Amino acid sequence: MKKVLFFFGELKGGGAEKVLLDIVKYLPVDEYQIKVMLVTDNGVYDEEIKNHCAYESILHTEQYKSNIAKRLFYSLKYRWIYKCSPDLIYRKYIGNEWDIVVGFVEGFATRIIACADSNYVKKVAWVHVDPLEREYADSYFKSLEEQKRAYGGFDKIVCVSNSVAESFKKKWGIQDKVVTQYNPVDKANIIKKACEPIEIEKMWQVQFVASGRLTVQKGFDRLIRIMKRLKQYCHEDFGLIILGQGEEKETLEIQTEKENLKDSVKLLGFKNNPYPYVAMSDLLVCSSRAEGYSLVIAEAMVLGVGIISTNCSGPNELLDNGKYGLLVNNEEDALYDAMLSALQNHEMINELQKKAKERSDWFDVETICREIKEQILIR
């Protein structure tokens, strides 16, 4: 039985975290002894992960909440983990008892797993975002040269779309180790969960939905600005719900209130089960400035919800360059025009929903997890 470690920072509630959950759920337990290791244990998927594999975190958040001194110690140790030698972190907390070690997200996890000894373990790096469009991972390394050396030491580099893979090759000049592996999408589970009751009903005749981590990358700020423009021009009964949590939450709430949109834009926060909210909506809008795969688009298509998306890595492949959804230039005006067109032409909404449902046949969690097993988790 192969021993596999997936290393991550925190399971905060983004797409990569959900992908990791689906992978560990569907890998055969008679072939793999799987462990997920995190830096902190205050994420939204921690408890569910524990149901499917071994789990460990370096920091245990609850132990440090009781008084100020413990909270200060927690903060100092957290900083120490991210600032000290990656080799020390690897030796102290991970070690070479594994057959395969996976840095499941670019940046910190990649830097730590790069320290594994290739003589003993197979090293895998997972890349979820376009490294040319979004360069946040660079900040975890002392230099670009250090990051390139780190990637050069991996046995396999997994990119979540072909466009991410091409950007990765262009940025780092690494070719032979790079493979594309689409994220698993659990269709049956999504459809089942979409039928669960929730506390609200559909609020508008045309309801847009957006979902994801509340970060600048996701472009929710420009989506709110677009809603302001639409309200000034269009008198249809429409609105927007936004699902997710993140560092931009307060900023987006202030923006919504400032623009007098509290009746037509609802920030509902993170939902353990977002699917009923997506399923009750007419169109999912992806306003991202940069993406890697966009799991929320794939999940919406499974539910037959039409898609309007900015043209960036991942969405363009999921939508087959516009064949299965409306793909627009990655700019505010283009997204505004697309949403306005949908509001003015309800037949267009029906057509987008039909195309989304057609594309949903492309997703199969068991097939993708079998590919992961046969192409990536081999020793």
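Which helices each supply at least two residues of the lining of the largest cavity? To find out in this predicted model, select helix H1 (15-26) and helix H8 (187-194), which are the helices that meet this description. H1 gives the most to that lining, with four residues.

Stay with the cavity and show Lys-18, Leu-21, Asn-189, Lys-193 and Tyr-275, which, of the 16 residues that line the largest cavity, are the closest to its centre. The space enclosed there is about 140 Å³, and colouring the lining by class should give seven nonpolar, two polar and seven charged residues. The count of cavities of 30 Å³ or more comes to five.

Keep H1 selected and turn to the largest pocket, where H1 again provides the largest share of the lining, here five residues. Add helix H3 (68-83), H5 and helix H12 (295-302), each of which, like H1, supplies at least two residues of the lining of this pocket. To centre the view, pick Gly-14, Gly-15, Ala-16, Glu-17 and Arg-213, which lie nearest the centre of the pocket among its 44 lining residues. The pocket holds about 1,000 Å³ of space, and its lining comprises 19 nonpolar, 14 polar and 11 charged residues.

Next, select Tyr-82, Lys-83, Arg-111, Ser-139, Tyr-140, Phe-141 and Lys-142, the residues that line the second largest pocket. Its volume is about 170 Å³, and the lining divides into three nonpolar residues, one polar and three charged.

From the pockets, move to strand S4 (residues 100-103), in which Ile-100 and Val-102 point one way while Val-101 and Gly-103 point the other way, all of them buried. Display strand S1 (residues 2-7) beside S4, and the two can be followed as a parallel pair over four bridges, with Phe-6 having Val-102 as its bridge partner in S4. Then bring in strand S5 (residues 122-127), which runs parallel to S4 and is joined to it by four bridges; here Val-102 stands opposite Val-124. Adding helix H5 (residues 108-113) to S4 and S5 completes a right-handed β-α-β unit.

For the last stop, select Thr-40, which is found in strand S2 (residues 32-40). Is Thr-40 buried or exposed? Thr-40 counts as buried because its relative accessible area is 0%, and buried means under 20%. Setting aside residues up to four places away in sequence, show the residues that Thr-40 touches: Gly-9, Glu-10, Asp-46, Tyr-55, Ser-57, Leu-59, Thr-61, Tyr-74 and Tyr-78.

Methods. Residues are numbered from 1 along each chain as its sequence is written. This is a predicted model: local features need pLDDT of at least 70, side-chain atom pairs count only at pLDDT 80 or more; totals for chains, interfaces and linings use all residues. Side-chain values use heavy atoms; hydrogens and water are left out. On a 1 Å grid over the protein atoms alone, a cavity is a set of points where a 1.4 Å probe fits but cannot get out, and a pocket is an open set with protein on both sides within 12 Å along at least five of seven lines; lining residues have an atom within 4 Å of a point. Grid points are joined across faces, edges and corners, and a volume is the space filled by probe spheres set on the points. Ala, Val, Leu, Ile, Met, Phe, Trp, Tyr, Cys and Pro count as nonpolar, Asp, Glu, Lys and Arg as charged, and the others, Gly among them, as polar. Buried means under 20% relative accessible area, exposed over 50%, partly exposed in between (1.4 Å probe, protein chains only). Two strands pair if DSSP finds at least two bridges between them. A crossover is right-handed if, with the strands pointing away from the viewer, the path from the first strand over the helix to the second runs clockwise. Contact means heavy atoms within 4.5 Å.
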